[in-house]
Amino acid sequence: VPFEPGSMFKVVTLSAALETTNMRPDTLVATGNGELHLPGRVIHESHHGLGTITMQEVLEKSSNIGAILIGMKVGSQNEYDYARRFGFGQKSGLPLPAESSGLLRPLSRWGTTSLASVSMGQEVSVTSVQLARACSVIANGGMLVKPKLVLERNGKREPDEAPARILKPETAITMRAMMEGVVLRGTARIHGRLAGYTSAGKTGTAQIFDTATHHYTHSYNASFMGFAPVMNPALVIV
């Protein structure tokens, strides 16, 4: 069942920023006092705000305001294009019944604050397979790999489809280091560490949207996507 990814989607936003803006992990982002006023809505985070932090810390602390400000530099077109590059809004192609493509609305249907919402993982819905595929882009050095079931026919495995490059190698390496920071110092430092192995990832805490009332509830989906080891990834987990 598709669900809103919340802060895990910041990996897409920050990857796009590394490739389409002059922002780097140490670029400062003025997130202010924990309130961001948008047309018709106010975004809140932490009681006193995070102040001016680096882009690295935006990911580590999972700042929604920081992600929105970065997304505004990326722009709607680039945000949408990179979300499509990562495979969102389309089926993965697994030979399973009723696979969902999730939801990534075309730009023509984005509202005034949709860029802000998508930048922090709202107004988009995803499947666990899509998240695993997106996370594997960082693990694979910028290559999008089609997921597959390991099937054998006549004693032989089905051949792999050629992966597609969607990020520059240096972007993927930078994102690997930034996502390791989430585990070492950020929101995954308690549960994301592995005994004997390095790991990297991104947490998500997404408000559940009530389709009947068309409002966000006070219930949440908590999630994590990550990979290990950091320098030579072998596993991706959602």
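Two strands count as paired if DSSP finds at least two bridges between them. With that criterion in hand, the sheet of this predicted model can be read from a single residue pair outwards. In strand β12, F227 is the bridge partner of A200. The strands β11 and β12 (residues 215-228) are joined by 10 bridges in the antiparallel sense, and they therefore satisfy the criterion of at least two bridges.

The pairing of β11 with β12 belongs to an open sheet of 3 strands, arranged in the order β11-β12-β13 with antiparallel pairing. Its edges are formed by β11 (200-210) and β13 (235-237), each of which pairs on one side only. On average, neighbouring strands of this sheet are turned by 15 degrees against each other, direction ignored. As a general matter, strands of a sheet pair through backbone hydrogen bonds, either parallel or antiparallel.

From the sheet, the reader may turn to helix α6. This helix lies across β12 and β13 and runs at about 40 degrees to β12. Helix α6 (residues 128-139) also approaches helix α7 (residues 169-184): the two axes come within 8 Å and cross at roughly 110 degrees. Angles of 65 to 115 degrees count as roughly perpendicular, and α6 and α7 are therefore roughly perpendicular to each other. On the α6 side, the contact involves C135, V137, I138 and A139, which meet A172, M175, R176 and M179 of α7. Sorted by class, this contact of α6 with α7 comprises 7 nonpolar residues, no polar residues and 1 charged residue.

Helix α6 also contains Q130. Is Q130 buried or exposed? Its relative accessibility is 1%, and Q130 therefore counts as buried, the cut-off being under 20%. A polar atom of the Q130 side chain lies 3.0 Å from the backbone nitrogen of T127. Leaving aside residues up to four places away in sequence, Q130 touches G87, F88, G89, Q90, S100, S101, G102 and S125.

One of these partners, F88, leads to another helix, since V12 also touches F88. V12 lies in helix α1 (residues 10-20). At 3% relative accessibility, V12 counts as buried. Which other residues does V12 touch, not counting those up to four places away in sequence? They are Y82, A83 and F86. The C-alpha atoms of V12 and R84 are separated by 9.8 Å, although the two residues are 72 residues apart along the chain.

Methods
Residues numbered from 1 in each chain as written. Predicted model: local features only at pLDDT ≥ 70, side-chain atom pairs only at ≥ 80, totals over all residues. Heavy atoms only, no water. Axes fitted to C-alpha atoms, helices over the stretch in contact; angles between N-to-C directions. Helix = DSSP H or I, 4+ residues; strand = E, 2+ residues; numbered from the N terminus. Parallel < 35°, antiparallel > 145°, perpendicular 65-115°, else oblique. Contact = heavy atoms within 4.5 Å. Nonpolar A, V, L, I, M, F, W, Y, C, P; charged D, E, K, R; others polar. Buried < 20%, exposed > 50% of the residue type's maximum accessible area, 1.4 Å probe, protein only. Polar contact = N/O pair within 3.5 Å; in protein donor to acceptor, adjacent residues only side chain to side chain.
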